[in-house]
Amino acid sequence: MTAVITPQELHARYQKTFGRAGGYLPRNPLAVDEFHRGIAPRAADLKKDLDPTVQDLADFIHSDLTVRMYVTNMLLEVPEEHRHIHTVDDLIEHLNVVVRWAPAYNRNPLHQIFLPMSALFGYMRLTPSGSVVFRMPQFNDKLRPVLRKWCAYLNSEESAHVLNSRESGWFSQPAVEMNKLYEYECWERRDEKHWGFASFNDFFHRRVKDELRPLAGNGDPSVIVAPNDGTVYNIQRGAARETDFWLKEQYSLSDMLRGPECGDEYVSTFVGGDVYQSFLSVNSFHRWTVPVDGTVKHLEIVPGLMFSAAWRESPDPTTWTHSQSYQAHVNTRGLAFIECGEELGRRMVCAVVIGMEEVSSVTWSVAVGDTVHRGQELGYFSYGGSSMALVFEQGVVDEFTVPQNDPHTHPDDGPAVFARSQIARAC
């Protein structure tokens, strides 16, 4: 018989999720219940008009006995008072609503839902069976086209309807203050329709004013700069080739830097080197910059998991927020291998851009073979939660100049950093 987790367990696990701690999900889990109740009527209206990607996921679940068993069990393991989705068909119909959903603003942080798909899966993935489902490669392979379809919607003009100054709009005064929109180029285009944005994603990866992200170092090539705005999550020196990364905050280079195209080609280069990882909040600047002068040797996007988190059978109050290092190995991520210039001995640096939750896409702004310079744009995320790591070949970093963060104590609120500011000095 399926073991239902208790409401107390559910609430405790929810409070420690990456999305809740990072501000992507509401502080009050009852807002997730409201979200589900609000979706139900729309799901019923659209159930005869399933998006093809959602229909394909439905066909897969119904045709695979093992997947159907685990999906059914994860729904039943949610406590009854929070169980708004009872069957596989319910799940499919609710997901069908989200692929046509542009997130609105809510000035009440207890009720703000930035990530609707995370809210949809929020309770069910906290169950024992849910942790299995969201680690299944085949399930993720079928879910990925759904996310791509949602990304296409967020790239469309239709999604721009939430870009307004009404109470639930992203140009309302509280939303402007939260996102510091006066620091972005769009501030000078406030008289244009949607402030000049063509879509919700266009708004999400908006450009900050150059003068507010000055390049550190005055031309000194030994200065290594931050690739993104965010907070420091972890710094680890002497990274190992292979570790049990799912057990605690450590890095396994053979898993983190391997992709279908590059294989193990670059792994040996980085053994004994250093890893710097930072977290981007939902209202961060979501474009990233090149940390060192050099040449782009390889670019790759590695398909991976999307809604999985580190899981332990025994209660652990930090398991979910500490999933950032775990997700650097298993999530969909981009790998940008850069060979430094002569000043840094032509050693290697890899920028690992990590999609978290429902990040819709990773887009590069450079190409293989390009000569790149510190502070130049490397690429950007489309909508969703995200993290970023830099992996340095041994001998590149002399010292890190940002405060070391203890991920045990501050997994999601470490020291603040800004793109193009100094984070380290080279040897």
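Leaving aside its neighbours within four places in sequence, which residues is N96 in contact with? In this predicted model, the partners are L46, D49, L50, D51 and V54.

Start with the setting of N96. The residue sits in helix 6, which spans residues 88–98. Its relative accessibility is 0%, so N96 counts as buried; the cut-off for that label is under 20%. Two of the contact partners also receive polar contacts from the N96 side chain. One goes to the backbone oxygen of L46, at 3.4 Å. Another goes to the backbone oxygen of D49, at 3.3 Å.

Now widen the view to the whole of helix 6. Of its 11 residues, 9 are buried, so the helix is largely enclosed by the rest of the structure. The buried set is V88, L91, I92, E93, H94, L95, N96, V97 and V98. What do these residues pack against? The answer is a group of helices: helix 3 (30–46), helix 4 (52–63), helix 5 (65–76), helix 7 (116–121) and helix 9 (137–154). L46, whose backbone oxygen is reached by the N96 side chain, falls within the range of helix 3. V54, another contact of N96, falls within helix 4.

Next comes a sheet. Here 3 strands form an open, antiparallel arrangement in the order 4-10-8. Why is one side of strand 4 and of strand 8 left without a neighbour in the sheet? Strand 4 (287–289) and strand 8 (362–364) stand at the edges, and each has a single partner strand, so one side of each stays unpaired in the sheet. From one strand to the next, the twist averages 25 degrees. Strands of a sheet pair through backbone hydrogen bonds, in either a parallel or an antiparallel sense. Strand 8 and strand 10 (residues 377–381) pair in the antiparallel sense, over 3 bridges. V362 has F381 of strand 10 as its bridge partner.

Finally, turn to two loops and their backbone angles. Most residues other than glycine have a negative phi. W195 is not a glycine, yet its phi is positive, at about 55 degrees. This residue lies in the loop between helix 10 (173–179) and helix 11 (200–204). Is W195 buried or exposed? Its relative accessibility is 11%, so W195 counts as buried. R420 is likewise not a glycine, and it has a positive phi of about 80 degrees. The loop that holds R420 runs between strand 13 (416–417) and strand 14 (422–426).

Conventions: Residues are numbered from 1 along each chain as its sequence is written. This is a predicted model: local features need pLDDT of at least 70, side-chain atom pairs count only at pLDDT 80 or more; totals for chains, interfaces and linings use all residues. Side-chain values use heavy atoms; hydrogens and water are left out. Helices (H or I, at least four residues) and strands (E, at least two) are DSSP runs, numbered from the N terminus. Buried means under 20% relative accessible area, exposed over 50%, partly exposed in between (1.4 Å probe, protein chains only). A polar contact is a pair of N or O atoms within 3.5 Å; within protein, one must be able to donate a hydrogen and the other to accept it, and residues adjacent in sequence count only if both atoms are side-chain atoms. Contact means heavy atoms within 4.5 Å. Two strands pair if DSSP finds at least two bridges between them. Axes are lines fitted to C-alpha atoms, for helices over the stretch in contact, and angles run from 0 to 180 degrees between N-to-C directions.
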